[in-house]
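Trainee: Could you take me through one part of this model up close? I would like to look at the charged side chains and how they pair.

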Amino acid sequence: MWSQVRKLQKNRTLKYGIPMLLLVVGGSFGLREFTQIRYDAQKLKKKLDPALEARVNNKKQSAILQEEYEKLKDLDLDGWKNIRGPRPWEDSKEQQQAQLNKST
């Protein structure tokens, strides 16, 4: 029996391979736990203050979006003209007026 134990002690796979596999597999689980702690801490930082959260109301924002949609629905979005912006050395008002006069 002792001869078998000595053979196992001399076996390189048992001596170096198994501890290495345990280190790699165990390390991945350990790193997962540490990174989870990091992400949980970030979530706590991002939580809104209750007073601020009361001001930011999703239902109210959807009503605002509806109002903006109603404003845009009546506009004529197809009848626009492409006007080039002025160069740094050009006067913007003169340039735009010249382009408007040229296109009409």
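Mentor: Let's start with K71, which counts as exposed because its relative accessibility is 53%, above the 50% cut-off. In this predicted model, the side chain of K71 meets that of E68 in a salt bridge, with 3.5 Å from N to O. E68 is a little different in class: its relative accessibility is 37%, so E68 counts as partly exposed. Both residues sit in helix α4, which spans residues 58-73, and they are three residues apart, about one turn of the helix.

Stay in α4 for the next pair. E70 forms a salt bridge with K73, and here the closest N and O atoms are 3.3 Å apart. E70 and K73 are three residues apart in helix α4, so about one helical turn separates them. E70 has 39% relative accessibility and therefore counts as partly exposed; K73, at 47%, is partly exposed too. As a general point, side chains of opposite charge can pair when their charged atoms come close.

Now move back along the chain to helix α2, residues 12-46. There the side chains of E33 and R32 meet in a salt bridge, at 3.6 Å from N to O. E33 counts as partly exposed because its relative accessibility is 45%, and R32 is partly exposed as well, with a relative accessible area of 47%. With that pair, the count of salt bridges comes to three.

Helix α2 deserves a moment of its own. Its 35 residues reach 51 Å from the first C-alpha to the last, close to the 51 Å expected at 1.5 Å a residue. N11 caps the N-terminal end of α2, where a side-chain oxygen of N11 lies 3.2 Å from the backbone nitrogen of T13. An unreviewed UniProt entry annotates residues 16-35 as a transmembrane region. In the model that span is 100% helix and 0% strand, and its end C-alpha atoms lie 28 Å apart.

To put the pairs in context, the chain has five helices and zero strands. Of its 104 residues, 2% count as buried. The accessible surface of the chain comes to about 10600 Å², with 59% belonging to carbon and sulfur atoms.

A word on confidence to finish: the chain has a mean pLDDT of 80, and 84% of its residues reach 70 or more. Confidence is highest in α2, at a mean of 87, and lowest in helix α3 (residues 50-55), at 67.

Terms used:
Residues are numbered from 1 along each chain as its sequence is written. Side-chain values use heavy atoms; hydrogens and water are left out. Helices (H or I, at least four residues) and strands (E, at least two) are DSSP runs, numbered from the N terminus. The expected span of a helix is 1.5 Å times one less than its number of residues. A polar contact is a pair of N or O atoms within 3.5 Å; within protein, one must be able to donate a hydrogen and the other to accept it, and residues adjacent in sequence count only if both atoms are side-chain atoms. Buried means under 20% relative accessible area, exposed over 50%, partly exposed in between (1.4 Å probe, protein chains only). Accessible areas come from the Shrake-Rupley method with a 1.4 Å probe; for residues, only the protein chains shown count as cover. UniProt positions are given in the numbering used here, feature names are shortened, and annotations may be inferred rather than shown by experiment. pLDDT is the predictor's confidence in each residue, from 0 to 100. A salt bridge is a side-chain nitrogen of Lys or Arg within 4 Å of a carboxyl oxygen of Asp or Glu.
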